[in-house]
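User: I have a model open on my screen and would like to walk through it with you. Could we take it step by step?

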Amino acid sequence: MKKKIILGITGASGSLYAVQLLRCLQQADVEIHAVISSAGRLVLQHELGLTPDDLQKYVAKWYAPDDFAAPMSSGSSKFEAMVVVPCTMGSLGAIANGIAKNLIHRAADVILKEKKPLLLAVRETPLNRIHLENMLKVHDAGATICPPMPSFYHHPESLEEMAAFFAGRLADLIGIEAGGLKRWQGI
Ligand SMILES: Cc1cc2nc3c(=O)[nH]c(=O)nc-3n(C[C@H](O)[C@H](O)[C@H](O)COP(=O)(O)O)c2cc1C
């Protein structure tokens, strides 16, 4: 049976990271169940000129952010892991404090209680005390905070390549070998 992964896309800058993760996971034998917040939809349109429909080929199913009856709302539905990328400070705050304002927050809450991997690609700068405290809180609850910090040692030649490298690292962190990641071999 295919591994089922939840993808949450929120309204932080960096929609490209979500798109590159979808492309990366397409090469692996996984099923993506995705939710995008209304702010996420806005940023996806603004930064990339894309709508969720444009990403349909990568996704098994899109869920509405208010669909609390979706399978990912319950631990019995057996998802392998969840990635929120990009993750806003608002969604970080909701997840860190167990406030299920939408399906992304609820699914993250479920993933944490089921002790499955939850990656939060949090994006903001600079960070205030509340952001930092929420990151520590959710880290202590079992999530992995992985901000999309660009790396240069693999010599990216485009934004797509830079984002793809980060997406490959996210796939690594949820135990999926997607291929295409330029692994460090030494100088
Ligand atoms: C173009 C744009 C970029 C944004 N970038 C960020 C960001 O990097 N980090 C962040 O925390 N919020 C950012 N925001 C604000 C969030 O979208 C806003 O707080 C929203 O309420 C978050 O809701 P969500 O977490 O449900 O997506 C941005 C908004 C826009 C329109």
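User: Happy to start with a helix. Which residues of helix α2 (residues 38-48) are buried, and why do they sit on the same side?

Analyst: Glad to help, and please keep in mind that this is a predicted model. In general, an α-helix has 3.6 residues a turn, so residues three or four places apart point the same way. The buried residues of α2 cover an arc of only 105° around the axis, which puts them on the same side of the helix. Those residues are Gly40, Val43 and Leu44.

User: Which exposed residues are on the face of α2 turned away from its buried side?

Analyst: The buried residues of α2 pack against β1 (3-9), α1 (15-26) and β2 (30-36). The face turned away from that buried side carries the exposed residues Ser38, Leu42 and His46.

User: What is the relative accessibility of Gly40?

Analyst: Gly40 lies in helix α2. Leaving aside residues up to four places away in sequence, Gly40 touches Ile9, Thr10 and Gly11. Gly40 counts as buried because its relative accessibility is 0%.

User: And which residues does Ser15 touch, not counting those up to four places away in sequence?

Analyst: Ser15 has its place in helix α1 and, at 1% relative accessibility, counts as buried. With those sequence neighbours left out, the residues that Ser15 touches are Val43, Leu44, Glu47, Leu48 and Pro86.

User: Now the ligand, please. How much of its accessible area does the protein cover?

Analyst: The residues around the ligand include Thr10, Gly11, Val43, Arg123 and Glu124. A backbone N or O atom of Gly11 lies 2.7 Å from a ligand oxygen, a polar backbone atom of Arg123 is 2.7 Å from a ligand nitrogen, and an N or O atom in the side chain of Glu124 is 3.4 Å from a ligand nitrogen. On its own the ligand has 640 Å² of accessible area, and the protein covers 64% of that.

User: Which elements give two or more residues to the shell around the ligand?

Analyst: Ser37, Ala39, Met89 and Ser91 are also among the residues around the ligand. The elements that supply two or more residues to this shell are α2 and α3 (89-96).

User: How many disulfides are found in the whole structure?

Analyst: A disulfide needs two cysteine sulfur atoms within 2.5 Å. The sulfur of Cys24 is 13 Å from the closest cysteine sulfur, in Cys146, so that pair is too far apart for a bond. Cys146 is in no disulfide either, as the nearest cysteine sulfur, that of Cys87, is 9.5 Å away. The search of the whole structure gives a count of 0.

User: Which residue does a cis peptide bond join to Val85, and what is omega for the cis bond from Thr125 to Pro126?

Analyst: In general, most peptide bonds are trans. The cis bond at Val85, with omega about -15°, joins Val85 to Pro86, a residue in strand β4 (residues 81-87). Pro126 is found in the loop between β5 (118-122) and α5 (129-140). For the cis bond from Thr125 to Pro126, omega is near -10°.

User: One last pair: is Lys115 buried or exposed?

Analyst: Lys78, in the loop between β3 (61-63) and β4, has a positive phi of about 60° although it is not a glycine. Lys115, in the loop between α4 (103-113) and β5, has a positive phi near 60°. Because its relative accessibility is 73%, Lys115 counts as exposed.

Definitions and conventions. Residues numbered from 1 in each chain as written. Predicted model: local features only at pLDDT ≥ 70, side-chain atom pairs only at ≥ 80, totals over all residues. Heavy atoms only, no water. Buried < 20%, exposed > 50% of the residue type's maximum accessible area, 1.4 Å probe, protein only. Helix = DSSP H or I, 4+ residues; strand = E, 2+ residues; numbered from the N terminus. Arc of directions from axis to C-beta. Contact = heavy atoms within 4.5 Å. Near = heavy atom within 4 Å. Polar contact = N/O pair within 3.5 Å; in protein donor to acceptor, adjacent residues only side chain to side chain. Areas by Shrake-Rupley, 256 points an atom, 1.4 Å probe, with all protein chains shown as cover.
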